[in-house]
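Student: Could we go through this structure together, step by step, with the reasoning spelled out?

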Amino acid sequence: IAAEAAPGYQHLVTLKDGDDTQPLFIVHGVGGTVMELAGLGRALETNRAVYAIQARGLDGAEPPLESIPGMAALYVDVIRGKQPQGPYLIGGYSFGGLVALEMARLLGPENVAELLMIDAFAHPHTWPRATRLTVRARKLVRRVRHMTARELVLAIPNKFFGPKTDRATQVNNWLGAVNPNLPLP
């Protein structure tokens with residue numbers, strides 16, 4: 001008795017069967033797998049098909065892609081293989097939001113009906129200037145409310161005339177301290 005060959009690796013994973021005329025495509029998170037999207041696929045109340053796009057290289061046959069533009073170009077080809085003509089419905093889960101955004105840029109606004117971000121992060125540098133200033137003002141007000149008059153008087157000279165931190169220190173502070181007890185990959 002001959003063993004059946006394993007099916008070839010597919011980037012598209014069906015999360016929900018449905019109408020395939022304009023399916024929803026959701027890009028994987030940072031790990032490249034789409035397992036965490038299974039519950040979302042079941043929960044979506046839509047008649048359209050829903051597909052998750054998993055990363056290249058998970059099967060070990062090819063190396064993983066290492067750039068967002070590379071992933072986006074491949075995934076645009078993948079969705080065009082399923083739906084040859086736009087407009088497309090594209091979503092990105094977490095890190096996949098960055099890839100989905102690049103996919104939308106490659107496809108052009110006329111070919112993207114919706115771009116959905118699911119738990120995706122937008123760095124404050126990408127926010128509109130008014131939003132950044134509003135958020136900074138709210139943070140300042142919160143800090144000042146909890147300061148005594150003496151703390152406020154001492155904080156002002158340090159803020160405006162104290163030592164400046166370099167960009168690497170700012171990024172490290174923003175990301176948080178690395179726990180030295182964690183094992184290295």
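**Confidence, an aromatic pair and a surface patch**

Tutor: This is a predicted model, and the mean pLDDT of the protein is 83, with 79% of its residues reaching 70 or more.

Student: Over residues 1-6, how many contacts beyond near neighbours in sequence does the model have?

Tutor: The pLDDT over residues 1-6 is below 50, and it is also below 50 over residues 180-185, a stretch with zero contacts beyond near neighbours in sequence. For residues 1-6, the number of such contacts in the model is likewise zero.

Student: The count comes to one aromatic pair, so how are the rings of Phe25 and Tyr51 arranged, stacked or edge-to-face?

Tutor: A pair of aromatic rings is described by the distance of the centres and the angle of the planes. The centres of the Phe25 and Tyr51 rings lie 5.9 Å apart and their planes are at 20°. Because planes under 30 degrees apart count as stacked, the pair of Phe25 and Tyr51 is stacked.

Student: Which strand holds Tyr51?

Tutor: The pair links distant parts of the chain, with the two residues 26 apart. Phe25 belongs to strand 2 (residues 19-27), whereas Tyr51 lies in strand 3 (residues 48-53).

Student: Is Tyr51 buried or exposed?

Tutor: Its partner Phe25 has a relative accessible area of 0% and is buried. Buried means under 20%, and Tyr51 has a relative accessibility of 6%, so Tyr51 counts as buried.

Student: Which helix holds Leu152?

Tutor: Leu152 helps to make a nonpolar surface patch of about 290 Å², together with Leu140, Val144 and Met147. At 31% relative accessibility, Leu152 counts as partly exposed. The element that holds Leu152 is helix 5 (residues 149-161).

Note on methods
Residues are numbered from 1 along each chain as its sequence is written. This is a predicted model: local features need pLDDT of at least 70, side-chain atom pairs count only at pLDDT 80 or more; totals for chains, interfaces and linings use all residues. Side-chain values use heavy atoms; hydrogens and water are left out. Rings of Phe, Tyr and Trp (its six-membered ring) pair if their centres lie within 6.5 Å; planes under 30 degrees apart count as stacked, over 60 as edge-to-face and the rest as tilted. Helices (H or I, at least four residues) and strands (E, at least two) are DSSP runs, numbered from the N terminus. Buried means under 20% relative accessible area, exposed over 50%, partly exposed in between (1.4 Å probe, protein chains only). pLDDT is the predictor's confidence in each residue, from 0 to 100. Contact means heavy atoms within 4.5 Å. Patches are made of residues with over 30% relative accessible area and no salt bridge: like charges are joined within 9 Å, nonpolar side chains (Val, Leu, Ile, Met, Phe, Trp, Tyr) within 5 Å. Accessible areas come from the Shrake-Rupley method with a 1.4 Å probe; for residues, only the protein chains shown count as cover. A salt bridge is a side-chain nitrogen of Lys or Arg within 4 Å of a carboxyl oxygen of Asp or Glu.
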